[in-house]
Amino acid sequence: MFDIHRVELDWGGRKLTLETGKVARQADGAVIATYGETTVIATAVAAKQPKAGIDFLPLTVNYTEKYYAAGRIPGGFFKRERGPTEKDTLTSRLIDRPIRPLFADGWRCDTQVIITVMSHDQENDPDIVAMVAASAALTLSGAPFMGPIGGARVAFVNGEYVLNPTLDEMKESQLDLVVAGTQDAVLMVESEAKELSEDIMLGAVMFGHRHIQPVIQAIIQLAEKAAKEPRDFAQPDTKAVEKEMLGIVEKDLRKAYAIPAKAERQDAVAAVKKAAMAHFFPDGKDNPERPMQLVAGVFKELEAKIVRWNILDTSKRIDGRDLVTVRPIVCEAPFLPRTHGSALFTRGETQAIVIATLGTGEDEQWIDALQGTYKEAFMLHYNFPPFSVGETGRTGAPGRREIGHGKLAWRAIRPMLPAKDEFPYTIRVVSEITESNGSSSMATVCGTSLALMDAGVPLKRPTAGIAMGLILEDKRFAVLSDILGDEDHLGDMDFKVAGTEEGITALQMDLKIAGLTEEIMKVALHQAKGGRLHILGEMAKALTAARAELGEYAPRIETFKIPTDKIREVIGTGGKVIREIVEKTGAKINVEDDGTVKVASADGESIKAAVNWIKSIASDPEIGHIYEGTVVKTMDFGAFVNFFGAKDGLVHISQLAPNRVQKTTDVVKEGDKVKVKLLGFDERGKVRLSMKVVDQTTGEDLEARQKSEPREQAAGAE
């Protein structure tokens, strides 16, 4: 009944199995991949006919983690998987990026890759298994996919590279790097690092590329047994159109791309294109022998060639810069009056307003994942409104691109954040892109670093990012620092590097060609370092380190511990006690399972009142200690003072003042703030307090001073 084919190999100390023929047999390609006990199924299906009216590859990758894979039921009201999670979206992008450049030029059939995580062993992250399975499914499908690719994760632990580390091993790693590529070259890199050098990062990429080769061979073996016949697909011959168009537009396109300003340049290019289309279609009607879509595609290719030829021939770029110069940078911090921290970062025609907000434990984000539910105390959200590029468009929920760019900046900044016990705040950063012409994600990294320092977050070091481009023609190549949007669209590489003056914290690379050599990557990394250090110098003109104090409107947090057996008393039945403390003091309170208490408020007196109240419940007052309290009731025989949270004590009339007191109200009235010393407890356990032994102005213990004076006098006599 089943024509099952399977390949197996030992990979990084665990067995990887690829199987096809048993499940999803109506898909063009379907592969079940198992690594350890993590299993995914990947399917690939391409429409039978091209999609009309488009000039791009209609590829969609959908990765989904099912909670049953880890024996869990989803949180929330509906108890089923709803929309894609952030992890789903990021992994979909991770798989899409290396496979997209390997489809044949001109492929216009809707192509969909669906990957579902069906079993998770809590050791092996499913994203690498999913990438391998997707590559295998496409290779079997018959679509014009010039793969296969392989993918691997690389860690750096104790000075050694580790292939496909387990989730526990990742906790000790200085690096989380995913690399994908073909037999010949690297296609994609995504990483987070703890200030590692360019050489270590390059070594990690090449280590990963070497170790994906057995996987690529395994996919080829599977394809030899089970691949479908290649789909009939003939690329249109455009040589005659290209030759004719080159004669018409080359001179004018070169002039247009010599205009530095983006808007003017785009207008000039549009005018050249309009004239070219009028030449080929004088009556404005489509020609079946040379369709408008084909001619427009040829024009786009010529745009790229002219820009690329000019850069390789002259080492001068669209806006007149050389290959390594970074556009002018202007930084402001603070930028907004009422936020906790803010910055404006402008680099050429790319601009980001970045805002940092500090919160408490209540503000942490709950993440529901296959590995379990956990809290995230650092969030970075990136918004890219259409006006930033002078267009109209959709607004609303963030798209895949916005989620991916925000996560890249998050990875770049996270290694520089202080430890939670040093800075117990929840941090949310929002980057609002107000202009874009080249790498707004790296502008977000720079702006985030400045905004956090403006908020008083003690970053280990400032962090900056730069985007690098590549023009590659045969054996000639040029690496471009701080690329423009047009250089990104018309070039071969988008290579983003973020880090500090000490090393790299994040690296992301995407290619539009079939691969990148080690030589080119080495040049790009070292050129990026020079650009990054320059940008850090420009940022230092606004801020060099975190401000000494938190912003005026930021909450203050005091952290202390109480015995775990007192937690229930502090919270109270149904939360009654802690709600009362919050309502009466105005402070936010978070009590953790280990007894750690965090009290937050923008008002210092509010924090003090809440801390004293909680300590009065969780501990006992100390005999001989001096407290500040409030007179709550006066009697003929003395005054009752609330001095330790909810605890009251009696200051007997004889303890009100050093001299004889006739009436209690001669010394104190209800509501007075007084300083008292705890003398002890009477036979009934009642608290005995004294005011007369405490200096009511300074809080000094007068008894202790009187005892020390004879000793000082004796010492002086000697």
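Modeller: Buried means under 20% relative accessible area. Keep that cut-off in hand; this is a predicted model.

Biologist: Is cysteine 331 buried or exposed?

Modeller: Cysteine 331 has a relative accessible area of 17%, so it counts as buried.

Biologist: And cysteine 446, buried or exposed?

Modeller: Cysteine 446 is buried too, at 0% relative accessibility.

Biologist: How many disulfides does the whole structure hold?

Modeller: A disulfide needs two cysteine sulfur atoms within 2.5 Å. The search of the whole structure finds 0. Cysteine 331 is in none, and its nearest cysteine sulfur belongs to cysteine 446.

Biologist: Why is there no bond from cysteine 446 to cysteine 331?

Modeller: Their sulfurs are 7.3 Å apart, which is too far for a bond.

Biologist: Now the sheet. In what order do the strands lie?

Modeller: The order is 1-2-3-4-6-5, in an open sheet of 6 strands with mixed pairing. Strand 1 (5-11) and strand 5 (59-65) stand at the edges. Each has a single partner strand, so one side of each lacks a neighbour in the sheet. Direction ignored, neighbouring strands are turned by 15° against each other on average.

Biologist: How do strand 4 and strand 6 run, and how many bridges join them?

Modeller: They run antiparallel, with 9 bridges between strand 4 (residues 38-50) and strand 6 (residues 109-119). For one pairing, look at proline 50: its bridge partner in strand 6 is cysteine 109.

Biologist: Which strands does helix 5 touch?

Modeller: Helix 5 (residues 213-226) packs on the sheet and touches strand 1, strand 2 (14-20) and strand 3 (29-35). The direction of helix 5 makes about 170° with that of strand 1.

How values were computed. Residues numbered from 1 in each chain as written. Predicted model: local features only at pLDDT ≥ 70, side-chain atom pairs only at ≥ 80, totals over all residues. Heavy atoms only, no water. Pairing = 2+ DSSP bridges. Helix = DSSP H or I, 4+ residues; strand = E, 2+ residues; numbered from the N terminus. Axes fitted to C-alpha atoms, helices over the stretch in contact; angles between N-to-C directions. Contact = heavy atoms within 4.5 Å. Buried < 20%, exposed > 50% of the residue type's maximum accessible area, 1.4 Å probe, protein only.
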